[in-house]
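These are my notes on a nonpolar surface patch and on the overall form of the protein. I began with the patch and then turned to the record and the whole chain.

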Amino acid sequence: MDFPLDDQPESPRDLDDAQKALADVQALLRKQRVIESVVHNQQPHVNPERHKLVEELVHRQHVNELSQKLHQLHPADVAYVLESLPIEDRLVVWGLVRSERDGEILLELSDSVRETLIRSMDSEELYAATESLDADEIADLAPDLPRDVVEKLASSLSLEEREQLRAAMSYPEDSVGARMDFDMVTIRDDVTLEVVLRYLRRFDELPEQTDQVFVVDRVDHFKGSLPLDRLLVNEPETLVSEVMSREVLMLSALDDASEAAQAFERYDLVSAPVLDPSGKLIGRLTVNEVVDVIREESESDILTSAGLREEEDLFASVWESAKNRWLWLGVNLFTAFFASRVIDAFEGTIAKVVALATLMPIVAGIAGNSGNQTMTLMIRSLALGQVTAANLRLLMKKEFAIAGLNGLMWGGLAGSAAFALYFGTPNALTLGVLMMLAMMLNLLVAALIGVAVPLTLAKIGRDPAMGSSVLLTFTTDSMGFFIFLGLASLFF
């Protein structure tokens, strides 16, 4: 069977599709630049009109080839390609994406890249790109769109869709309400399964991630759900009320999206109903949104722990990228000077025993690694809601015990190594004991910081991962030097 070029059936996709697509697009862009450069340099003075025509034909051929390649890609793969290209190439590729696909691709892009593309479009282009999106999808893009475009989109929606858009935009960004989908199937409990099946067959296709249909009363108050497997395996004459599930995880629109994501993972959910305070069904949360929440939180934790203020476009300008990294670099510079002052305070001790200068970075480095392990576990446990007032004391005792055991074990090993390195010198044994004690004490400090920093940040309503690595490094370095050199002053 033959298909028109624009309507080719989708082929199966694999995990490497995005990387293959990026490589293909980069190759086409390189090929276009090389060939057009060669054509441009071929004696244009001989026949200027013919030369110009050849240039236009060559350019059009490559544009068509690249445009067709982009049209065959999944929107998420196009988004991946755009995020991986320098801004000049990105704008070229974006200009070749067919306008009817712009909206769904914008939804897949990271915030920073989406902003650059939206800035390159005028109001008419933005309206054309987003007018076919659902209300919940428009709400996702609304913070980045010009106000006049949002108002024009809202006016083009039906009354029900306009209310859905208003509701979605009214919820906090990290809430379930901001993530919920309004496209769902509802039924009544006083009908038979045969009636439900006939009703479902009227749809051209069911909403994505439909694993259950929701049961409501006459005024849309939620009563339960009918999983599709129960619909299929029970007799058609059975009433919905007899087989529907009443033990359903119900979410509030104001629930935290990350907590809802944990519930999805815990109970292996595909979808869950979202209710308003009166118990009325207003939407549903689906697993595809939950995956986005988990991915975004993971990326945010990585960025904040490294001291980045916000997500950064890989190909943003040097100035913008530099500003994004200034805050914690400034903090780090201050802490480094503080650590240097600690060393300077013990200058006399170091002058007496030069070996101290070679050994003290080991004390700081091992403690930093140990503290990072503790801090990572704490951040993860806080994110999962596993740390409570009831178990916090036990958790701290455990981490101090681990730090003490590791300090005894690895401090003893480091002390033995220090003794062996300086064997034969008058201070060899003292250096070994000093190394062991300093490492043990600094590991205990690292455990304290690894627990206290995430807990403190969470208590004041900040991200527990925010700048955690910078604060940990500052403490383990400064305290490591202070403990090691302070003990050395006493011993020597």
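Entry 1, the patch. In this predicted model, I looked up a nonpolar surface patch of about 630 Å². Phe419, Phe423, Leu429, Val433, Leu490 and Phe491 make the patch. I then checked which elements give two or more residues to it, and found helix 21 (428-459) and helix 22 (468-491).

Entry 2, Phe423. I located Phe423 in the loop between helix 20 (392-421) and helix 21. Is Phe423 buried or exposed? Its relative accessibility is 63%, so I entered Phe423 as exposed, the cut-off for that class being over 50%.

Entry 3, the record. I consulted the unreviewed UniProt entry, which annotates residues 349-368, 400-423, 429-458 and 470-491 as "transmembrane region". I examined two of these spans in the model. Residues 349-368 are 90% helix and 0% strand, with end C-alpha atoms 24 Å apart. Residues 429-458 are 100% helix and 0% strand, and their end C-alpha atoms lie 44 Å apart.

Entry 4, the whole protein. I noted 22 helices and 6 strands in the secondary structure. The radius of gyration is 31 Å, well over the 23 Å that the globule rule gives for 492 residues, so I recorded the protein as more spread out than a compact globule. Along the principal axes, the C-alpha atoms fill a box of roughly 90 × 85 × 45 Å.

Entry 5, surface and contacts. I found 39% of the 492 residues buried. The accessible surface comes to about 27800 Å², and carbon and sulfur atoms account for 57% of it. Among contacts between residues at least 6 apart in sequence, 68% join residues at least 24 apart.

Conventions:
Residues are numbered from 1 along each chain as its sequence is written. This is a predicted model: local features need pLDDT of at least 70, side-chain atom pairs count only at pLDDT 80 or more; totals for chains, interfaces and linings use all residues. Side-chain values use heavy atoms; hydrogens and water are left out. Patches are made of residues with over 30% relative accessible area and no salt bridge: like charges are joined within 9 Å, nonpolar side chains (Val, Leu, Ile, Met, Phe, Trp, Tyr) within 5 Å. Accessible areas come from the Shrake-Rupley method with a 1.4 Å probe; for residues, only the protein chains shown count as cover. A salt bridge is a side-chain nitrogen of Lys or Arg within 4 Å of a carboxyl oxygen of Asp or Glu. Helices (H or I, at least four residues) and strands (E, at least two) are DSSP runs, numbered from the N terminus. Buried means under 20% relative accessible area, exposed over 50%, partly exposed in between (1.4 Å probe, protein chains only). UniProt positions are given in the numbering used here, feature names are shortened, and annotations may be inferred rather than shown by experiment. The radius of gyration is taken over C-alpha atoms; the globule rule is 2.2 Å times the number of residues to the power 0.38. Contact means heavy atoms within 4.5 Å.
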